[in-house]
Amino acid sequence: MQKYFQIALAFILMVSIVFPTQSEAAETQTSLVNLDHLDFLNEEVTIDGKEMLITHIYSEYPNYEWVDDADEGIACVDDVARAAVVYLNHYEQTRDSTSLEKAKKALNFVMYMQTDDGEFYNFIFDDYSINTDGPTSKKSFDWWAARAMWSIGHGYKVFSETDPAYANELKESFLLANNALQKKVNEKYGEYNIVNGYKIPAWIGGFDAMSNALLGLSEFYEAEKNHLVKNSMLKLGKGLSEYQFGSYTKYPFGAHLDWDGSPTLWHAWGSGQSMALAKAGNLLNKEEWVESAQQEADQLFTHILVTGMIKEMAPTPTKDEQIAYGVNMLTQAFTELYHATNEKKYAQYAGIAASWYTGNNDANFQMYDPKTGRGYDGLNGVTGKVNMNSGAESTIEALMSIQSIQQMPEAMETFNVKTKERHTSTIHEAESFTVKNGSPAIETPESAWTGDALFSNKIVKLTNGDTIQKEVNIDKQVLYLIYGALEKAPALGGELKVDLKIDGRKVSSTDVSAANKYLTLVNLNRVNYLTTGKHTITLTAKTAYNETLTLDNVVVQPVKEYALFEDEDGRTIKFTRHLITEKHNLQ
């Protein structure tokens, strides 16, 4: 018996030496997650006798001291709720009790900002009084309330296992918030609005904001199968999944739109619909939600992996003002799709999306510094300039991205790639075309904002028979699609068309009439084979009664586009998308 015990003890010691403990393994996995700067932004306060944690909103280069907003306040639910999620993630990944305690104090602040009807205020001033009047702080069920639900729902899941008494506090707050959410949603549930011919669920409002609420509902439901919570999930999931249009070749390319006032405007920041739908769909076995998330990821997000990060499509994609808040949404969408589908490619795509933080961006700058834990406030992809400030939002969103991909070895394989070559769309502003016939007018709009979209620059107005053309250089001999960013408009005389010629040969005549005037991106041809070299694109307006056609720009899009990446070991990785076969692969 003694000999058996000695052998067993020796085996145990050998196992303990060869294999790290759970906490050691987790710490190794999260080595890139540095909470130092987030910890610095935090301040522990006592309000109404309760210990809380607040997160100061700004921190500016080069000293990175706290910077507050004189009008809004010193801290807000928007940031503190997300900080709580970071600490909860960190606890789940490392079992660090310090992070759990910080999450609890942050959640105390979030619940303190809740009102008796379940809604939330957002900001506090430097005397810790609540900003009740500010437009970004007033009592409502807006962005900050949705983020509050995310943090409280996640907190309930974690504290249900570690502190049931505190979990009950969180549950009471969460269900009160869910009542407010139900009140907001039920007012118009099942109704639709028609905007520019698109059918839009009327019960959601801010689709991007409500994705945060769906995340919180999913976290809570994972811990407790509450029927009221499931009811809210079903209503939000239905609305979010239905506000999605386009395809691989048709704008807006499978995007979940954000604002109910425009079905042609998409922005990267805060667009968490695919992340939320993949998570909730996986939890409730709603395959159509997961497929909706896949549609956006496959059609739009993979296109962004090829083109590089953008700020928005409106409908022209813009590369200025790229921020972590947008990059994280792409990263998290791919991450949740990997968890929902077990398809390796989504983990790899998450790593490529997150490589923006390691310097794979238009500024070639490392936007997250693991040595300090700072997430920098953004970059301008046109000028290459970097905003070296490091506020709460950017730091938190960067940390969330790193936390998500470090759980996936496949994502870490592509996390440090650098882009070496792109073959993708080119944009040709209408004012750069020359006049071939008629009298087209080049104008500078009084405002770039049309009411539902944005002009990219100057515009060209064409009446019947006006013709413009431009010689473009084609560097790869493949099939191409030609798009026009233009205003669809009523055709009172029965005709509003654009005729497209390539090298003098007519390839299409496209009807661009609509019941209302709105700016969008229109596919002007099916496919056209172009050889390497110079080709002339000619556009002619066909309008009745001298009506006007407004053209913003022309997009030349290869049917097969790709990006070449190089990993940290010098190996080349090619990511290819084919718009007609609807395939994409990494090799």
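This passage describes the packing of several helices and the setting of one loop residue in a predicted model. Residues are numbered from 1 along each chain as its sequence is written, and side-chain values use heavy atoms, with hydrogens and water left out. Because the model is predicted, local features need pLDDT of at least 70 and side-chain atom pairs count only at pLDDT 80 or more, whereas totals for chains, interfaces and linings use all residues.

Helices (DSSP runs of H or I, at least four residues) and strands (E, at least two) are numbered from the N terminus. Helix α5 (residues 97-112) packs against helix α6 (residues 143-162) at an angle of about 135°, with the axes 10 Å apart; axes are lines fitted to C-alpha atoms, for helices over the stretch in contact, and angles run from 0 to 180 degrees between N-to-C directions. α5 is therefore oblique to α6, the class left once angles under 35 degrees are taken as roughly parallel, over 145 as roughly antiparallel and 65 to 115 as roughly perpendicular. On the α5 side the contact (heavy atoms within 4.5 Å) involves Leu100, Lys104, Leu107, Val110 and Met111, and on the α6 side Ala148, Ser151, Ile152, Gly155, Val158, Phe159 and Thr162.

The axes of α5 and helix α7 (residues 164-186) come within 11 Å and cross at roughly 30°, which makes α5 roughly parallel to α7. In this pairing, Lys104, Leu107, Asn108 and Met111 of α5 meet Tyr166, Glu169, Leu170 and Ser173 of α7. Lys104, Leu107 and Met111 thus appear in the contact with α7 and also in that with α6.

Two further helices are largely enclosed by the rest of the structure: α4 (residues 77-94), because 17 of its 18 residues are buried, and α12 (residues 324-341), because 15 of its 18 residues are buried, where buried means under 20% relative accessible area (1.4 Å probe, protein chains only). The end C-alpha atoms of α12 are 25 Å apart, in agreement with the 26 Å that its residues should span at 1.5 Å a residue, the expected span being 1.5 Å times one less than the number of residues. α4 is followed by Arg95, whose phi is positive, near 60°, and α12 by Asn342, whose phi is likewise positive, near 60°.

Ala430 lies in the loop between β19 (426-429) and β20 (434-437), and counts as buried because its relative accessibility is 1%. Not counting residues up to four places away in sequence, Ala430 touches Val460, Ile468, Leu551, Asp552 and Asn553.

Methods. Buried < 20%, exposed > 50% of the residue type's maximum accessible area, 1.4 Å probe, protein only.
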